[in-house]
Amino acid sequence: MSELFVILQMSAEISAQFIKLGAAFIAVLGLIAATWGISKIAKTALEGMARQPETANDLRQAMVVSAALIEGATFFAILICLLILFLV
């Protein structure tokens with residue numbers, strides 16, 4: 001009976017480590033996706049500014065707002081992953 005308990009306890013510890021590994025992996029994927037999204041926004045805004053310089057201020061404001069929204073979602077995802085990482 002005690003051998004079974006030891007095996008189950010080790011299994012629970014191993015699964016907790018895999019959960020932490022998965023949370024870290026998801027946090028990294030979230031950061032990569034946010035970086036890619038912000039770079040696409042900046043690229044498109046700079047192309048638009050090059051084509052129509054008179055709309056540069058409007059494009060810059062829209063770019064900053066979009067980048068801020070992406071960063072907010074990224075921070076929220078990282079916060080959830082950190083909660084999983086330290087509370088599980």
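Okay, let's start with leucine 87, which sits in helix H2. Keep in mind that this is a predicted model. So, is leucine 87 buried or exposed? It's exposed: the relative accessible area comes out at 67%, and the cut-off for that label is over 50%.

Leucine 87 also has company. It belongs to a nonpolar surface patch of about 980 Å², along with Ile19, Phe76, Leu79, Ile80, Leu82, Leu83, Ile84, Phe86 and Val88. Which helix gives the patch its largest share? That's H2, residues 56-87, with 8 residues.

Now stay on H2 but look at threonine 74, which is in that helix too. Threonine 74 has a relative accessibility of 8%, and since buried means under 20%, it counts as buried. What does threonine 74 touch, once you leave aside neighbours within four places in sequence? The contacts are Gly30, Leu31 and Ala34.

Ala34 takes us over to helix H1, where it is one of the buried residues. The others on that list are Ala23, Ala27, Gly37, Ala45 and Met49. And what do the buried residues of H1 pack against? They pack against H2.

As for spacing along a helix, remember that an α-helix has 3.6 residues a turn, so residues three or four places apart point the same way.

One last check, on the length of H1. The helix covers residues 2-51, so that's 50 residues, and at 1.5 Å a residue it should span 74 Å. The C-alpha atoms at its ends are 74 Å apart, so the model agrees with the expected span.

That's it from me.

Methods
Residues are numbered from 1 along each chain as its sequence is written. This is a predicted model: local features need pLDDT of at least 70, side-chain atom pairs count only at pLDDT 80 or more; totals for chains, interfaces and linings use all residues. Side-chain values use heavy atoms; hydrogens and water are left out. Patches are made of residues with over 30% relative accessible area and no salt bridge: like charges are joined within 9 Å, nonpolar side chains (Val, Leu, Ile, Met, Phe, Trp, Tyr) within 5 Å. Accessible areas come from the Shrake-Rupley method with a 1.4 Å probe; for residues, only the protein chains shown count as cover. A salt bridge is a side-chain nitrogen of Lys or Arg within 4 Å of a carboxyl oxygen of Asp or Glu. Helices (H or I, at least four residues) and strands (E, at least two) are DSSP runs, numbered from the N terminus. Buried means under 20% relative accessible area, exposed over 50%, partly exposed in between (1.4 Å probe, protein chains only). The expected span of a helix is 1.5 Å times one less than its number of residues. Contact means heavy atoms within 4.5 Å.
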